[in-house]
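Open the model in your viewer and keep the selection panel at hand. The tour goes stop by stop.

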Amino acid sequence: MKKSIGILGGMGPLATADLFRKIVQLTKASCDNDHIRIYIDNNPAIADRTAAILSGGESPLPEMIKALRNLESCGASCIVMPCNTAHYFLPELQKLTKTPFISMLKATAKTCAAQYPGKCAAVLATKGTLRTGLYSQALASEGVRCLIPTDEEQDVLMHLIYDVVKASKPLTPEADAWQALLSGLRARGADYFILGCTELPIVAQELPTHERFVDPTAELARAAIRFCGYALAE
């Protein structure tokens, strides 16, 4: 029996669409029938994860659980969440289901260790992800060194994520700020960059640079494809 993927999405909608597109692009297929069945619950009612973690905002769990139940009822073989910060709540969600979640943090850490041994990764992410140490812990488990942005650099990242991508604003005016952020981190010792918020691969795609990136959305897509027993596109 072929396995399927359930995407617990809406965090945000564009990041959900990006994961779906990457799963399709990264699956080895010669026709429609060679692709994986994918169920998507794009639930934008899920409360903001960073606000819940840092300032006692509304918990995202009730709506996340609703989406989880929907994906279970569809028969998804595994669950993936295209939101790095949402992985703070993954242990609680996993307790509620026998359907396995695939962690984009673990998939990313394994790729960093394999592709950049001995190098230092700068973790570009929301304040919620950074302050919970989600990536620091995942990377440490694979022996990967990392650099965390300063408060000022985190403000730039939050602006790009919330005020630009999530707000559907044009990215072109942000090109100088993006490059200055990357250059500053490189000057402090970063060898490459983890796009640790699912809005950031969109920034990197629209504001191309010569820097080296690891895209957790793509790594999650690859891990889900492997889980389902399909081959990766060459």
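How do the residues of the lining of the largest pocket divide into nonpolar, polar and charged? The split is 7 nonpolar, 5 polar and 1 charged. Keep in mind throughout that this is a predicted model.

**Stop 1: the largest pocket**

Select His87, Pro91, Ser103, Leu105 and Lys106. Of the 13 residues that line the largest pocket, these lie nearest its centre. The space inside comes to about 260 Å³. Now colour by helix. Helix 4 (90-94), helix 5 and helix 7 (134-141) each bring at least two residues to this lining. Helix 7 contributes the most, with 4 residues.

**Stop 2: helix 5 against helix 11**

Stay with helix 5, residues 104-115, and add helix 11, residues 216-227. Their axes lie 8 Å apart, and the packing angle is about 100°. Helix 5 is therefore roughly perpendicular to helix 11. Show side chains next. On the helix 5 side, pick Met104, Ala107, Thr108 and Thr111. They meet Pro216, Thr217, Glu219, Leu220 and Ala223 of helix 11. By class, the residues of this contact are 5 nonpolar, 3 polar and 1 charged.

**Stop 3: the cavity**

Hide the surface and look inside. How many cavities of 30 Å³ or more does the structure hold? There is 1. The largest cavity has a volume of about 70 Å³. Its lining has 14 residues, and Arg49, Cys83, Thr85, Thr126 and Lys166 are the closest to the centre. Select helix 2 (49-55) and helix 8 (151-165): each supplies at least two residues of that lining. The cavity lining divides into 5 nonpolar, 5 polar and 4 charged residues. Put that beside the lining of the largest pocket, where 1 residue is charged.

**Stop 4: a salt bridge in helix 1**

Go to helix 1, residues 13-26. Select Asp18 and Arg21. Their side chains form a salt bridge, with N to O at 2.7 Å. Why is the spacing along the helix worth a look? Asp18 and Arg21 are 3 residues apart in helix 1, so about one helical turn separates them. The count for the structure is 13 salt bridges.

**Stop 5: a cis peptide bond**

Step back to Met11 and Gly12. The peptide bond that joins them is cis, with omega at about -5°. Where does Gly12 sit? Find strand 1 (4-9) and follow the chain towards helix 1: Gly12 is in the loop between them.

**Stop 6: a positive phi**

Finish at Ser168. Its phi is positive, about 60°, although Ser168 is not a glycine. Show helix 8 again, then helix 9 (175-187); Ser168 lies in the loop between these two helices. Helix 8 should be familiar from the third stop, where it supplied at least two residues of the lining of the largest cavity.

Notes:
Residues are numbered from 1 along each chain as its sequence is written. This is a predicted model: local features need pLDDT of at least 70, side-chain atom pairs count only at pLDDT 80 or more; totals for chains, interfaces and linings use all residues. Side-chain values use heavy atoms; hydrogens and water are left out. Axes are lines fitted to C-alpha atoms, for helices over the stretch in contact, and angles run from 0 to 180 degrees between N-to-C directions. Angles under 35 degrees count as roughly parallel, over 145 as roughly antiparallel, 65 to 115 as roughly perpendicular and the rest as oblique. Contact means heavy atoms within 4.5 Å. Ala, Val, Leu, Ile, Met, Phe, Trp, Tyr, Cys and Pro count as nonpolar, Asp, Glu, Lys and Arg as charged, and the others, Gly among them, as polar. On a 1 Å grid over the protein atoms alone, a cavity is a set of points where a 1.4 Å probe fits but cannot get out, and a pocket is an open set with protein on both sides within 12 Å along at least five of seven lines; lining residues have an atom within 4 Å of a point. Grid points are joined across faces, edges and corners, and a volume is the space filled by probe spheres set on the points. A salt bridge is a side-chain nitrogen of Lys or Arg within 4 Å of a carboxyl oxygen of Asp or Glu.
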